[in-house]
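The following exercises are to be worked through with the sequence and the structure at hand. Each task is followed by a solution in steps.

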Amino acid sequence: GPLYDDDPLWKEYGQKAIKNFEKAISINPENEWAYYKIANTYGIWVINALKNKNMAQFKNALSDAQNSGGYFPHILEASRAMLTSCDNDAILFTSGYLAKPLWYLQEVEKVRTDVTVANLFLMDKPFYIKYLRDFKGIDLNLTDEIIDKLNRKSWPSSRFETIALEDNGSEFEFLVESLPLEIFNSEFKSDEKYLEIPDQL
């Protein structure tokens with residue numbers, strides 16, 4: 001959409017959408033769909049903040065989404081349960097809208113900030129890969145140049161690969177020298193013979 005294409009109209013469209021959904025709520029305050037859509041629309045400010053590495057805007061947009069009533073209590077409690085169930089310094093993979101309530105809890109309420117929430121929906125966007133590397137400490141061993149050139153890879157069929165494990169003087173001691181993995185075609189493009197960027201990462 002306009003946001004990903006760096007079209008300046010994204011903000012205008014987003015503000016108009018929020019006003020229309022607020023009008024729908026004024027007509028019918030029980031319209032849960034409209035609350036959800038307002039929170040989802042604030043998500044474009046969330047994504048824009050990540051693109052521009054503006055953490056103040058990131059936090060404010062998440063607060064605006066929560067104040068709009070779009071993060072329903074049961075969603076927040078399920079998100080809180082997910083975060084609190086994680087091991088220390090875990091990476092929690094999620095997708096799309098589900099990441100935003102988790103981010104809200106971490107950024108605004110400071111719930112389990114040691115956990116890294118990795119949004120699979122954004123993991124093919126160079127700005128998000130750099131955010132995970134630069135702000136969340138995920139060591140991908142990838143430079144900006146490599147990240148900017150990442151693309152889907154030809155992957156003719158499911159196959160086994162062996163990943164070598166190295167103990168580079170870290171606090172972890174591997175008890176095995178290699179890890180066999182069965183790697184399938186991307187679940188998002190299962191009819192094609194490609195390995196997508198999120199799957200590669």
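**Exercise 1. The chain as a whole**

The chain holds eight helices and six strands; the model is a predicted one.

Task: State in which order the elements of the chain run from the N terminus on, and what share of the residues is buried.

Solution.
- Step 1. Read from the N terminus, the order of elements is α-α-α-α-β-α-β-α-α-β-β-β-β-α.
- Step 2. Of the 201 residues in the chain, 34% are buried.
- Step 3. The accessible surface of the chain amounts to about 12,400 Å², and carbon and sulfur atoms account for 51% of that surface.
- Step 4. Consider contacts between residues at least 6 apart in sequence: 56% of these join residues at least 24 apart.

**Exercise 2. The packing of H1 and H2**

Task: Describe how the axes of helix H1 (residues 9–27) and helix H2 (residues 32–51) are placed relative to each other, and determine which residues make the contact.

Solution.
- Step 1. Two packed helices are described by the angle between their axes and by the distance between those axes.
- Step 2. For H1 and H2, the axes come within 9 Å and the crossing angle is roughly 160°.
- Step 3. Angles over 145 degrees count as roughly antiparallel; H1 and H2 are therefore roughly antiparallel to each other.
- Step 4. The crossing of H1 and H2 is left-handed.
- Step 5. On the side of H1, the contact is made by Trp10, Lys11, Gly14, Gln15, Ala17, Ile18, Phe21, Glu22, Ala24 and Ile25. H2 contributes Trp33, Ala34, Tyr35, Lys37, Ile38, Thr41, Tyr42, Ile44, Trp45 and Asn48.
- Step 6. Sorted by character, the residues of this contact between H1 and H2 comprise 13 nonpolar, four polar and three charged.

**Exercise 3. Positive phi in the loop between H5 and E2**

Task: Lys110 lies in the loop between helix H5 (99–107) and strand E2 (116–119), and Arg112 is found in the loop between H5 and E2 as well. Give the phi of Lys110 and of Arg112, and decide for Lys110 and for Arg112 whether the residue is buried or exposed.

Solution.
- Step 1. Lys110 is a residue other than glycine, yet its phi is positive, near 60°.
- Step 2. Arg112 is not a glycine either, and its phi is positive at about 45°.
- Step 3. The cut-offs are under 20% relative accessible area for buried and over 50% for exposed.
- Step 4. Lys110 has 53% relative accessibility and so counts as exposed.
- Step 5. Arg112 has 19% relative accessibility and therefore counts as buried.

Conventions: Residues numbered from 1 in each chain as written. Predicted model: local features only at pLDDT ≥ 70, side-chain atom pairs only at ≥ 80, totals over all residues. Heavy atoms only, no water. Axes fitted to C-alpha atoms, helices over the stretch in contact; angles between N-to-C directions. Helix = DSSP H or I, 4+ residues; strand = E, 2+ residues; numbered from the N terminus. Parallel < 35°, antiparallel > 145°, perpendicular 65-115°, else oblique. Left-handed = near helix turned anticlockwise from the far one by under 90°. Contact = heavy atoms within 4.5 Å. Nonpolar A, V, L, I, M, F, W, Y, C, P; charged D, E, K, R; others polar. Buried < 20%, exposed > 50% of the residue type's maximum accessible area, 1.4 Å probe, protein only. Areas by Shrake-Rupley, 256 points an atom, 1.4 Å probe, with all protein chains shown as cover.
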